[in-house]
Structure formats: structure tokens, C-alpha cells
Amino acid sequence: MEQGTQGVLQGLVGLFLICNAWQDWRKREILPASLWVFGGVGLALQRIWGGQGWQSLAGGVFVGVMLLFCALVTRGNIGMGDGLLLCITGLYLGFEKNLTLALGGLLLCGCCSAILLLIGRVNKKTGIPFAPFLLGAYLGGLFL
């Protein structure tokens with residue numbers, strides 16, 4: 001994929017995560033319209049530019065589907081919106097990059113949660129928004 005095309009995709013993923021990280025931080029919800037808009041744009045761009053094979057595309061979405069499955073198993077302790085976010089980012093990033101994003105977000109969230117637990121700011125039942133950690137992992141991956 002050309003560098004300009006890659007830059008557009010990276011910018012769209014960044015914008016998508018910024019919008020949803022802000023909403024998740026403030027209201028503990030994901031913007032439903034953003035899922036439709038960025039999902040549709042992601043599918044259209046993959047069709048137009050033919051960026052990655054269908055296996056990588058399906059694998060990228062599968063990362064989000066696995067988080068959706070975890071949300072069902074935990075009865076909402078993991079948010080469905082977090083899985084949907086990863087489904088959409090998977091359209092743009094493919095399997096390997098989306099899995100790296102998910103694991104990076106989990107690592108950041110786990111470290112931050114541990115610190116907050118140790119200093120007594122939260123307890124084990126406190127919900128923590130995940131989208132800001134996905135954004136942090138994404139930005140870290142871009143600049144490292």
C-alpha cells in the first residue's frame with residue numbers, strides 16, 4: 001500500500017479512536033454513529049484501494065469479535081462497545097496490527113488499573129473506560 005494511502009488510513013483510525021476515547025472517558029459509552037460511519041468508510045476504502053487481503057481483514061475483525069465474546073461471557077464487565085471498536089479498527093489495521101493494538105491497550109489499562117488500586121482511587125468493582133487506552137496504545141505504536 002502506498003505511503004499516502006497508509007497515512008490516510010492511520011489518520012482515520014486515529015480520529016475514530018480520539019472521538020470514542022473522549023466519549024468513553026466522559027460517558028462510558030461509544031458513539032454508535034461513529035461505528036457506522038468509520039465502518040462503512042473502512043470497508044469502502046479497502047474495496048477501492050485493495051489494501052489488504054480478506055484473510056487479514058477478517059482476522060482484524062475477529063480480534064474485536066473475540067472481545068465481544070468476552071463481553072457476553074462476563075455479562076457486561078467488559079463493554080460491548082470495546083469489542084465493536086476493535087472490529088472497526090480491524091477493518092483498517094488487519095489482524096497483526098489490531099491484535100497488537102488490543103494487547104497494548106490491555107497492557108496500559110492493566111498497569112493504570114493496578115496503580116489506581118494501589119493508591120486507593122478505585123476498587124475491583126470500578127469500571128474503567130478502555131477506549132482511552134486503545135488510543136494510547138495506537139499513538140504509542142505510531143511514534144515508537
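Val65 is partly exposed in the predicted model, with a relative accessible area of 37%. The residue is located in helix α3. Together with Phe62, Met66, Phe69 and Val73, Val65 makes a nonpolar surface patch of about 460 Å². A relative accessible area of 37% falls between the 20% and 50% limits, so Val65 is classed neither as buried nor as exposed. Between the C-alpha atoms of Val65 and Ala21 the separation is 19 Å, and these two residues lie 44 residues apart along the chain.

Helix α3 covers residues 54-73 and contains 20 residues. Its end C-alpha atoms are 28 Å apart, and because a span of 28 Å is expected at 1.5 Å a residue, the two values agree. Burial within α3 involves Leu57, Gly59, Gly60, Val63, Gly64, Leu67, Leu68 and Ala71. These buried residues pack against α2, which comprises residues 32-49, and against α4, which comprises residues 80-118. Val65, which belongs to the nonpolar patch, is also part of α3.

Just after α3, the backbone at Arg75 takes a positive phi of about 55 degrees. Arg75 is placed in the loop between α3 and α4, and its positive phi occurs in a residue other than glycine. With 78% relative accessibility, Arg75 counts as exposed; the value is over the 50% limit.

A second positive phi is found at Arg28, with a value near 60 degrees, again in a residue other than glycine. Arg28 follows α1 and is situated in the loop between α1 and α2. That loop also holds Ile30. At 12% relative accessibility, Ile30 counts as buried, since the value is under the 20% limit. Apart from neighbours within four places in sequence, the contacts of Ile30 are Asn20, Asp24, Leu35, Gly81, Leu85 and Ala131. Two of these partners, Asn20 and Asp24, are listed among the buried residues of α1. The C-alpha atoms of Ile30 and Leu17 are separated by 9.9 Å, with their positions 13 residues apart along the chain as counted by sequence separation.

Pro32 is part of helix α2. Its relative accessible area is 56%, and Pro32 is therefore exposed. Computed along the sequence, Pro32 and Leu84 are 52 residues apart, whereas their C-alpha atoms are 9.5 Å apart in space.Helix α1 spans residues 3-27 and has 25 residues. From its first C-alpha to its last, α1 reaches 36 Å, close to the 36 Å expected at 1.5 Å a residue. The buried residues of α1 are Thr5, Leu9, Leu12, Val13, Gly14, Phe16, Leu17, Asn20, Ala21, Gln23 and Asp24. Their cover includes α2, α4 and α5, the last of these being residues 131-143.

Val13 is found in α1 and has a relative accessible area of 1%. Val13 is therefore buried, as this value is under 20%. When neighbours within four places in sequence are left aside, Val13 is in contact with Thr89, Tyr92, Leu93 and Tyr138. The C-alpha atoms of Val13 and Leu135 are 9.3 Å apart in space, and the two residues are 122 residues apart in sequence.

A search of the whole structure finds zero disulfides. For Cys19, the closest cysteine sulfur is that of Cys87, at 18 Å, which is too far for a bond. For Cys111, the closest cysteine sulfur belongs to Cys112, at 8.7 Å, again too far for a bond. Both distances exceed the 2.5 Å within which a pair of cysteine sulfur atoms is taken as a disulfide. Cys19 is partly exposed, with a relative accessible area of 29%. Cys111 is likewise partly exposed, with a relative accessible area of 45%.

Definitions and conventions:
Residues numbered from 1 in each chain as written. Predicted model: local features only at pLDDT ≥ 70, side-chain atom pairs only at ≥ 80, totals over all residues. Heavy atoms only, no water. Helix = DSSP H or I, 4+ residues; strand = E, 2+ residues; numbered from the N terminus. Expected span 1.5 Å × (residues − 1). Buried < 20%, exposed > 50% of the residue type's maximum accessible area, 1.4 Å probe, protein only. Contact = heavy atoms within 4.5 Å. Patch = residues over 30% accessible without salt bridge, like charges linked within 9 Å, V, L, I, M, F, W, Y side chains within 5 Å. Areas by Shrake-Rupley, 256 points an atom, 1.4 Å probe, with all protein chains shown as cover. Salt bridge = Lys/Arg side-chain N within 4 Å of Asp/Glu carboxyl O.
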